[in-house]
Each structure stands twice: as C-alpha cells, then as structure tokens.
Amino acid sequence: MIPPMSTPLYPLRLQPVYKDYLWGGDRIPRAFGRDLPPGIYAESWEVADRPEGMSVVTNGPLAGSTLQTLLRGLDLDLVGRRGRGLKVLPLLIKLIDARQTLSVQVHPDNAGAARHGGEPKTEMWYVLAAEPGAFVYGGLQPGVTPDSFAQAVAGQTVENLLQRVPVQAGDAIYIPGGRVHAIGSGCLLLECQQNSNTTYRIYDFGRVGADGRLRELHLEQAAKVIRWDDLESPLVQPKRLESRGANERWEILASPYFRMEQLRLAEPYLLARDLETFRVLFVEQGTVQVESPAGRETAAMGTTLLIPAACPDLTLQPVGGSARVLTMGLP
C-alpha cells in the first residue's frame with residue numbers, strides 16, 4: 001500500500017533475490033555477514049524490478065511493497081524526472097560471486113535489440129574483492145573477424161581472442177551492449193546494468209547444467225549483436241569530482257544509461273534530495289548512519305539502500321572514522 005504523499009519518503013531496504021547459478025560460490029553471505037543457509041549464492045539481486053526477481057521493501061511504512069507496486073504508486077517521486085514514462089525501474093543492481101569463470105557472452109545494445117529482439121543491456125562491474133591473479137575478459141583483440149571468431153568457438157579457443165584484464169579491488173569495468181565479455185574466477189563484484197536479462201552465451205568451457213547436459217549456446221544471436229570493431233579497453237579510470245571538508249566525491253563511471261560515484265567519508269556528509277533521479281547506495285567499506293526526517297538507519301558494509309527521488313535530504317555519518325559508499329542512479 002502506498003502511503004499518503006504527506007508521509008515523508010525514506011531510505012528503503014530491499015530483500016535480496018538470490019540466484020544459485022552453477023558457477024557461483026558462498027562469498028556474498030560470508031563477506032557481508034548475511035545469515036543464510038548453506039548453498040550457492042552466485043548473484044544477489046539487490047534492486048530488481050523483474051518478474052523473475054522482484055525486490056520487496058523490508059523497512060518502514062512501505063514494508064511488504066514490491067518495487068513494481070511502488071513505481072506504479074509513486075511514479076516520479078520514486079524514479080525522478082529523468083524516469084518520466086517508465087513502466088519498470090530502469091536499472092538492475094547485483095552482487096556477483098564468481099567462484100568459476102562465467103561463460104563468454106554478449107548482450108545486445110539498443111540498436112541490436114531493436115533489430116534482432118531481446119532487451120538491450122549495458123552494464124558495469126565494480127570490483128569489491130579479487131583473489132590474486134583474478135581477471136575479466138572484455139572486448140576483442142585487434143584483427144578478430146566473424147570468421148576467425150567462429151573458428152575459435154569451434155576450436156574452443158575463443159578466450160584467446162579476447163582482451164584479458166587483471167583486476168583488483170577498486171577497479172571498474174565497462175561492458176556496453178555488443179562487447180564480448182566474461183567474469184573470471186575469484187571476482188566479487190557489484191554490477192550496475194540496464195534492467196535486462198538477455199544474455200547470448202558463446203562459450204561455456206564445456207560445463208554441464210543440473211540436468212547433466214551441456215548448457216545452451218546462442219551463437220547465431222550473438223553473431224548478430226557483437227561489435228566487431230570494439231577494441232577499447234574496458235577498464236575505467238575514476239576521477240575526483242570534489243573535496244568537501246575531509247570528504248571526497250569521485251566519479252567511477254558516467255554512461256548514457258547509469259552513473260556510479262563513490263563517496264569517501266571521514267565526517268558527516270549531506271546527501272541532498274535530487275528530484276531528477278532515484279539513487280541506490282551501497283556501503284563498500286565501513287558502517288554508515290543514514291539520518292533522515294523519518295529516522296536513522298545503520299548501514300553496515302554490504303548494505304544496499306534505495307533512495308526515492310523525492311526523499312528529503314539525508315546525512316551520511318561514517319561510524320568509526322571512515323567509510324566508502326557507492327551511489328548509482330540515472331545520468
């Protein structure tokens with residue numbers, strides 16, 4: 001149920017939606033102190049407005065409301081002016097634990113989806129933790145053609161044609177639609193992406209699914225949407241935007257579909273209301289007290305909060321001296 005508009009909006013906690021894909025591990029509950037039964041937690045959908053994974057509010061007057069219900073009831077008060085006319089929340093935010101290397105895959109960009117079907121998907125990964133030697137694949141090596149790529153797929157050597165990028169905590173990787181990619185084993189990532197679940201699997205290292213069969217490949221669809229001239233490095237270079245007292249604000253990535261910034265906090269920080277866009281906060285390091293007219297939330301490392309666009313100003317208070325918070329929203 002949607003409260004009267006006279007009721008102040010507040011930071012929303014959402015129930016994660018967990019996925020047990022065969023390549024995942026149990027690092028998400030271990031790293032962030034989540035009390036969960038033993039099992040595989042490959043992905044945690046932290047903010048999701050999809051039929052196969054729908055976020056539900058767990059705190060305050062809106063507890064029990066789905067994200068889709070909130071969007072229908074609050075409209076621009078939830079998504080902001082840049083989200084005018086949207087029927088679903090435009091972003092999907094995930095945690096990803098790659099115990100094994102994921103399949104080599106590609107997603108369509110907007111143009112590719114319009115021509116060939118599926119949902120467009122541009123994404124980015126922020127590395128929260130990485131084992132020694134961890135890497136990702138992103139983009140093609142120079143000189144790769146559709147024919148040489150098809151031959152490599154048939155010969156099971158396709159990874160030799162991809163850019164291999166070593167990663168460590170704090171790195172950011174950009175994967176626009178059309179860029180061939182794979183997450184390497186040992187990576188714990190925060191992913192911000194267009195709200196899409198269209199994936200074309202190209203190569204899967206011979207793995208079998210729960211049914212004992214090789215997992216399905218989508219070679220014909222992939223070939224139609226791959227950007228064959230994509231030679232740019234996927235590694236993003238963050239830049240400092242401002243220093244405010246002892247605090248710093250950094251731009252991690254600004255894309256046509258989403259924006260990610262990092263707040264490096266050493267003292268209270270005013271997060272002013274932004275009627276243009278909703279924001280998602282993820283506590284990367286430390287613990288933060290989030291103060292609003294509706295009360296106070298203690299957000300430990302690994303906590304995700306959805307901040308409606310019409311939410312009043314917030315104060316972020318680092319606990320214990322310092323904290324880092326990632327913020328995501330519409331550009």
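Which residues are exposed on the other side of helix H5, away from its buried residues? In this predicted model, the exposed residues on that side of H5 are Asp147, Gln151 and Ala154, whereas Phe149, Ala152 and Val153 are the buried residues of the helix, which spans residues 146-154. The points below take up this helix, a seven-stranded sheet, the largest pocket, the largest cavity and two individual residues, aspartate 77 and lysine 239.

**Helix H5**

- Phe149, Ala152 and Val153, the buried residues of H5, lie on the same side of the helix, because the arc they cover around the axis is only 100°.
- These buried residues pack against three strands, namely S9 (135-140), S10 (162-166) and S14 (200-203), and also against helix H6 (219-225).
- After H5 comes glutamine 156, which has a positive phi, near 60°.

**The open sheet**

- Seven strands form an open sheet with antiparallel pairing, and their order across it is S2-S3-S6-S13-S8-S11-S15.
- At the edges stand strand S2 (17-19) and strand S15 (235-236), and because each has a single partner strand, one side of each is left without a neighbour in the sheet.
- Within this order, strand S6 (residues 91-98) pairs with strand S13 (residues 187-194) over eight bridges in the antiparallel sense, and isoleucine 96 has leucine 189 of S13 as its bridge partner.

**The largest pocket**

- The volume of the largest pocket is about 400 Å³, and 22 residues line it, of which Tyr21, Trp23, Glu43, Gln105 and Thr199 are the closest to its centre.
- At least two residues of this lining come from each of strand S3 (43-47), S6, strand S8 (123-130) and strand S12 (181-183), with S12 giving the most, three residues.
- The lining of the pocket is mixed by class, with eight nonpolar, seven polar and seven charged residues.

**The largest cavity**

- The structure holds one cavity of 30 Å³ or more, and the largest cavity encloses about 40 Å³ of space.
- Its lining consists of Leu281, Val283, Val288, Val290, Ala299, Leu305, Leu316 and Val325, and by class these divide into eight nonpolar, no polar and no charged residues.
- Strand S20 (279-292) and strand S23 (314-329) are the elements that give two or more residues to the lining of the largest cavity, and the largest share, four residues, comes from S20.

**Two partly exposed residues**

- Aspartate 77 is placed in helix H3 (residues 76-79), and because its relative accessibility is 27%, this residue counts as partly exposed.
- Although aspartate 77 and histidine 116 are 39 residues apart along the chain, what can be said of them in space is that their C-alpha atoms are separated by 34 Å.
- Lysine 239 belongs to strand S16 (residues 239-244), and with a relative accessible area of 46% this lysine is likewise partly exposed.
- When residues up to four places away in sequence are not counted, lysine 239 touches Trp250 and Glu251, and its C-alpha atom is separated by 8.8 Å from that of leucine 253, which lies 14 residues away along the chain.

Key:
Residues are numbered from 1 along each chain as its sequence is written. This is a predicted model: local features need pLDDT of at least 70, side-chain atom pairs count only at pLDDT 80 or more; totals for chains, interfaces and linings use all residues. Side-chain values use heavy atoms; hydrogens and water are left out. Buried means under 20% relative accessible area, exposed over 50%, partly exposed in between (1.4 Å probe, protein chains only). Two strands pair if DSSP finds at least two bridges between them. On a 1 Å grid over the protein atoms alone, a cavity is a set of points where a 1.4 Å probe fits but cannot get out, and a pocket is an open set with protein on both sides within 12 Å along at least five of seven lines; lining residues have an atom within 4 Å of a point. Grid points are joined across faces, edges and corners, and a volume is the space filled by probe spheres set on the points. Ala, Val, Leu, Ile, Met, Phe, Trp, Tyr, Cys and Pro count as nonpolar, Asp, Glu, Lys and Arg as charged, and the others, Gly among them, as polar. The arc is that of the directions from the helix axis to the C-beta atoms. Contact means heavy atoms within 4.5 Å.
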